[in-house]
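Trainee: I would like a close look at a single part of this model. Please take it slowly and keep the parts connected.

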Amino acid sequence: MQKLSIISLHLPNLDSIIITSIYVPITSDPQLFTLDLESIKQLESNIIMCGDFNAHHQVWKCSANRPRDNQFRKFANQTDIDIIAPTTPTRFVA
């Protein structure tokens with residue numbers, strides 16, 4: 001199950017903006033978690049999705065690709081989402 005917080009900003013004379021904070025546990029189904037993201041994306045045309053998606057991909061300078069990683073990258077490409085990720089690891093394994 002994903003954890004989600006949503007804030008909707010309604011400013012005078014401007015389109016609404018939705019900002020989300022999402023945590024996708026590593027145990028979530030790699031084939032299903034993008035369905036939730038698609039639902040969120042349908043809420044508004046101006047949306048910023050922030051969070052820990054537990055998706056790592058070599059495109060984002062990670063060491064390996066797993067099914068979830070490939071699914072998330074495919075989803076981002078198909079829905080024209082820009083992914084901004086750190087250029088250095090955010091987790092170190094000893």
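What is the handedness of the β-α-β unit that β2, helix α1 and β3 make?

Mentor: The model is predicted, and what follows should be read as a description of that prediction. The unit made by β2, α1 (residues 33–41) and β3 is right-handed.

It helps to place the unit in the chain. Two helices and three strands make up the secondary structure, and from the N terminus the elements follow the order β-β-α-β-α. The C-alpha atoms of the chain fill a box of roughly 50 × 25 × 25 Å along the principal axes. Of the 94 residues, 26% count as buried. Among contacts in the chain with a separation of 6 or more, 48% are between residues 24 or more positions apart.

The two strands of the unit belong to an open sheet of three strands, ordered β1-β2-β3, with mixed pairing. β1 and β3 are the edge strands, each pairing on one side only. On average, neighbouring strands of this sheet are turned by 15° against each other, direction ignored.

Now the pairings of β2. With β1 (residues 3–9), β2 pairs in the antiparallel sense, over seven bridges. Two bridge partners can be named here: S5 has S21 as its partner in β2, and L9 has I17. With β3 (residues 47–52), β2 runs parallel, and six bridges join the two strands. On that side, I19 stands opposite I48 in β3.

The residues of β2 (residues 17–23) also divide by face. I18, T20 and I22 form the covered face, while I17, I19, S21 and Y23 form the uncovered one. The named bridge partners in β2, I17 and S21, are thus both on the uncovered face, as is I19, the residue opposite I48.

The helix of the unit is not confined to the two strands it connects. α1 lies across β1, β2 and β3, and α1 runs at about 150° to β3.

From β3 the description leads on to the largest pocket, whose volume is about 1,000 Å³. The lining of this pocket counts 36 residues, and A55, H56, W60, A85 and P86 lie nearest its centre. The elements that give two or more residues to the lining are α1, β3 and α2 (67–78). β3 gives the most, with six residues. Two elements of the β-α-β unit, α1 and β3, therefore appear in that list.

W60, one of the residues nearest the pocket centre, is in the loop between β3 and α2. Is W60 buried or exposed? W60 is buried, because its relative accessible area is 13% and the cut-off for buried is under 20%. Leaving out residues up to four places away in sequence, W60 touches A55, D69, F72, R73, I83, A85 and P86. Of these, A55, A85 and P86 are also among the residues nearest the pocket centre. W60 and S5, the latter bridged to S21 in β2, are 55 residues apart in sequence and 25 Å apart in space, C-alpha to C-alpha.

Technical notes: Residues are numbered from 1 along each chain as its sequence is written. This is a predicted model: local features need pLDDT of at least 70, side-chain atom pairs count only at pLDDT 80 or more; totals for chains, interfaces and linings use all residues. Side-chain values use heavy atoms; hydrogens and water are left out. Buried means under 20% relative accessible area, exposed over 50%, partly exposed in between (1.4 Å probe, protein chains only). Helices (H or I, at least four residues) and strands (E, at least two) are DSSP runs, numbered from the N terminus. Two strands pair if DSSP finds at least two bridges between them. A crossover is right-handed if, with the strands pointing away from the viewer, the path from the first strand over the helix to the second runs clockwise. Axes are lines fitted to C-alpha atoms, for helices over the stretch in contact, and angles run from 0 to 180 degrees between N-to-C directions. Contact means heavy atoms within 4.5 Å. On a 1 Å grid over the protein atoms alone, a cavity is a set of points where a 1.4 Å probe fits but cannot get out, and a pocket is an open set with protein on both sides within 12 Å along at least five of seven lines; lining residues have an atom within 4 Å of a point. Grid points are joined across faces, edges and corners, and a volume is the space filled by probe spheres set on the points.
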